[in-house]
Every structure is written in structure tokens, then in C-alpha cells.
Amino acid sequence: MRRFVPPWLWALLLLGPVGAFALNGGLPPPPADVDRSTPAATAAGFLDAAHARDAARAPHYLDLSRMPPEQQPEEGLRLARRLVVVMDRTLWLDFARIGKEPAGPGGRARREVLGQVATARGPQDIVLERVDAEGGPVWVFSADTVGAIDTLFQEHGSPLLEMLPPVFFTRPLWVLEAWQWLGLGVVLVVAWALGRLVEAVTLRVGARAAGLTKSGWDDELLAAGRGSIRYVLAGMLAAAGARLLKLPPPAQGAVDLGARSVIIVAAALFLLRFLTRAARFVEAKVAQSPEGTDVARVRGLRTQLAILRRVVEVAVVLVAASLLLLQFEAVRNVGVSLLASAGIAGLAIGLAAQKSLSTLLAGIQLSITQPMRIGDTVIIENEWGWIEEITLTYVVVKVWDLRRLVIPITQFLEKPFQNWSKVSPDILGTAELYVDFRTDVAGVRAELKRILEQESQGLWDGKAQGLQVTDLSERTMKLRALVSCSDAGKAWDLRCLVREKLVAWLQAQPHGLPLLRAEATPLPFPEEKAAGPALLPARVGNNARVEPQR
């Protein structure tokens, strides 16, 4: 059934200007490089022309048929500028899903929705529509979408953008225009400066507040936060300031990712620094308390703090690394896949990590049972030294000649070793001497006392000293000098000093050092014999000449 057209309408069509009813009749003919044959070509061409603020091309991608022709050139460019701001801020077009056929999706479709923009009144579709124009059908942004541009710009745009010169709206790199790169640089600089300023004010105010308290924990907290607070504040300010620039979703996501990463790293560094300062603070507090005189207790606390601090540090690093990696979708997918396919791989990893886990548990067990502590004097692997460092996997022994002996921590739990300062660092040392039987032992004992009281150079602690005859042989007797010291290092030096002084004293005595005794027995002369040849004939090679007796 054909629809009846009144005669007056035919006359109006014949007499009126044709351009008034054509697509965008108020615009000049589109340039040759305006491609509106497919939805994908229209979307790509509009973004390129609108970002370049090209007044000759950008309005041709919009359906401006609802406005008077004389307003279309100026209003078309203004609306194109506003629409591209809204799309950059709210939509990220996937051109792989946009139609590349002139007939549109489905072969006969005349509409394609690029996406939706959230508004206060509900989502607004951004639609491309296939309309008739001179030369054939073309794809443009629908009249409904054009009519909603001002409303969308009020919610997702800023009037400041329309005041900037066109040079700031070129897109030299990635998805950001020149003004966005410039604004992002300004935001980062301002965020860094404000972070430093706020950190300085916070630390100064906190220092004054901490001065009013007797606790030292607030001072340690402020000291650990120095240098970390600025990064946390800068990251937060940068993420907030970037939203004022109306960045595209990929760019805003990258800024947020960088800000979160900086905040996570800064928070982890703050925790690690605070743990170190807290351990030192506790050690200093215990050393200043009445319990600080108990050296064994101080060493035990130091060992516990060192082990527990390392355990917490490992946990902090693992959590921080996990938070950083979980920000990336690819890593999350890999992690889920690994967890889903645990099976034999998980069993193999568990078996491979068994030794490491046992070593880790051995380190925790050692910190609790404390068979040795930092600073203890030990003998292990026939080496004498001090425990210098205890980690979760190994122990460093500082040997007396400044060498470092690195020993797996499990060896201290599985094999015996000597700990000379397990209960107390006090130790007894001996110096043994071999003397003559006629040596004045009482005199040696008195000389030992004099040496300890007058020449020990502070090595002797005054608790114990003595001299005993501990052994006898067929030639000498052995004396053992017993001395006491506050630690093993002083005991070694004092033993060497006692030997030196006592040997010097014995050398001055008539019967001090051992003598080698020998006993001579007289032999009878041989009886005279008859005259004859000599009793001792000459031997070969002897130049002596022996003549027979006459």
C-alpha cells in the first residue's frame, strides 16, 4: 500500500532549497579524506579529526539535522570537541568489535552502539546511525547522541578545556593529548612538592607532640616515617589530581597503577625501617634497665629480636610483592592457573622446598630454644670464635683471626658444639709450665698472685686464681696456673701473659727451669797382659800409626 503525498508537499519539495533537507546541509562538502563508509571508519575518523580540532572534517561525522543550517559549522565543531572529551573520559573503543561492513552488523542494520556513558538520569548510548546522504548512505553519530552531548559534557567535561588554544589538543604520544601530558607533569610535580611539605609539617608537629610524652615509641615511629610519608602522600595526590585531567581510562588506569605501586613500596619500606628501629629501641631499653647487667639475658633478647625481625621482614616483602603482582591481570591469571593445576607440580615443589622449609623452621626453633646467641663464644668445626650473625638459614661465626665461618643453621641443632658463654661469659683459663723438681712451688704461687694483681692489665677479674702441681714425670713436674676472666678473649690474653711472666721469673731462679740429669758410673781398668802386639790395632783409614811394644 502506497502512502498518499499531498500536492502542497510536492510543491514545497520542488520549490524549496534542496540543501535544507540533506544531511548537514549547512556544512560545506566533506573533504576527500572523510571516510564514513563503515562504523569503524567513522569512529576512527571522528577521533582523529576531533582530537586535531579540524573544523573541516569533525562536524561531518555528526548528524546535525536538528539544528538550523547556519549554526551547523560552528556548533558542529563545538559539539565534536565536547563529544571527544566525553568519549576519552568514559569510553575505550575496541575497534575489533566495531563493524567494518558498509551495511553494518547483520547485513541490514542501521544502528551500532559504541558504548554507554553513565549519567545522573541513567546510561546514555553512544550510537552510530546509517543515514542517506549525497553520494549514498553514510555512518554518522545519531541525532539523539548529538542532542545529548551538552548534557554528557556537563557531567564528564570541564569548561576549562574549551578555553585552551588548539595547540594543546594534539595527540603526540599514546592516548593523551598535549594538554593532558602537560597537566599530568604539573600534577606529579605538585603532588611531590605537597608530599614533602605535608611530611615536613607532620614530622615537626609529631616531634613536638612526642616531646610531651615519656615513651620513645612515638619518636621511633616518626623517625621510620621520614622519607616514606612523602611517597604515600604523593601517590594519593597524583591519583586524585589525575582525575581532574579527564584522562582516558587506559591512562587513568596506568596512573592509578603507578600510584598504588608507590604507596605499597613506601608502606613496606616504612614497616621494614620501623622493625629495625624498634629492635634497636628494645635492646637499648633492656640495656638501660636493671636487667641489662645480665649479659646472658641481653644476648638472648638480641638473638630473639634478630630472628623474629627477619621473619617479619620476609613476610612484609612477600605481602608487598604479592600486592604489586596482583595488580596485573596476567599475573593473576597465572596465579589462578598454578593454584588450579597444583597436583603433581605442587607435590614436586613441596618436596623440593622441604629442605628450605626445614631450615626455616630450624631458624625459628633456634630463636626459641637459644642453644647459642649473638655474641656467644663457641668452638665449632675446630674453630674458636664469636657468634656474629644469625639468619633464618645460616650462622656467621667470627673467628679469632677475623675470618668468618658460615655454617648452616641446622648444624647447630644436629651436631654438638662448645658454647663457652651459654650461662655466663665468665671463664677459667689455665697456663701449664714444666719445671725442675727443686723449683720453689710456693714462690711460683706468690709470683702468680703478684702478676695477676699488678701486671694483668685489667684482664683478671679477681674472682679466682691458683697454682697446682698436676703431674710428674721422670724428669720434670708440671704446674698449672688457674686464672679467671670475664670473657674468653681476655682469658686467652691473660693466659699468654701469665706464661710469659712466669717463664721470665723461672729463668732468674737457680733451680727454676728443668735440668737434664745424667749419672756416671766408674769402669775398672783392664789387667795388664803379656807383651805382644797393641790391644787396639789400627783401622783402615786411620792415619795413626801403632807400633808393637818392645
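## Sheets, helices and loops: worked exercises

Strand 1 and strand 2 (residues 124–133) are antiparallel partners, joined over six bridges. Helices (H or I, at least four residues) and strands (E, at least two) are DSSP runs, numbered from the N terminus. Two strands pair if DSSP finds at least two bridges between them.

The model is predicted: local features need pLDDT of at least 70, side-chain atom pairs count only at pLDDT 80 or more, and totals for chains, interfaces and linings use all residues. Residues are numbered from 1 along each chain as its sequence is written, and side-chain values use heavy atoms, with hydrogens and water left out.

**Exercise 1. Describe the open sheet that three strands form.**

Step 1: Find the order. It is 1-2-3, with antiparallel pairing.

Step 2: Find the edges. Strand 1 (111–117) and strand 3 (136–141) each pair on one side only.

Step 3: Add the twist. From one strand to the next it averages 25°.

Step 4: Check a residue pair. V113 stands opposite V127 in strand 2.

Step 5: Look for a helix. Helix 2 (residues 39–51) lies across strand 1, strand 2 and strand 3. Its angle to strand 3 is about 50°. Axes are lines fitted to C-alpha atoms, for helices over the stretch in contact, and angles run from 0 to 180 degrees between N-to-C directions.

**Exercise 2. Trace the open sheet of five strands, then study two of its loops.**

Step 1: Read the order. It is 7-6-5-4-8, and the pairing is antiparallel.

Step 2: Name the edge strands. They are strand 7 (404–408) and strand 8 (418–419).

Step 3: Take one pair. Strand 4 (residues 377–380) and strand 5 (residues 383–390) run antiparallel and share four bridges. There, I379 stands opposite W384 in strand 5.

Step 4: Go to the loop between strand 4 and strand 5. N382 sits there. Its phi is positive, about 60°, although N382 is not a glycine. With a relative accessibility of 79%, N382 counts as exposed (buried means under 20% relative accessible area, exposed over 50%, partly exposed in between; 1.4 Å probe, protein chains only).

Step 5: Go to the loop between strand 6 (394–399) and strand 7. D401 is found there. D401 is partly exposed, at 32% relative accessible area. The C-alpha atoms of D401 and W384 are separated by 9.4 Å, and the two residues lie 17 apart along the chain.

**Exercise 3. How do helix 15 and helix 16 cross, and which residues meet?**

Step 1: Recall the method. Two packed helices are described by the angle between their axes and the distance between the axes.

Step 2: Apply it. The axes of helix 15 (residues 441–454) and helix 16 (residues 488–507) come within 10 Å and cross at roughly 135°. So helix 15 is oblique to helix 16 (under 35 degrees counts as roughly parallel, over 145 as roughly antiparallel, 65 to 115 as roughly perpendicular and the rest as oblique).

Step 3: List the meeting residues. G443, V444, E447, L448, I451 and L452 in helix 15 meet L494, V498, K501, L502, W505 and L506 in helix 16. Contact means heavy atoms within 4.5 Å.

Step 4: Sort them by class. The contact has nine nonpolar, one polar and two charged residues. Ala, Val, Leu, Ile, Met, Phe, Trp, Tyr, Cys and Pro count as nonpolar, Asp, Glu, Lys and Arg as charged, and the others, Gly among them, as polar.
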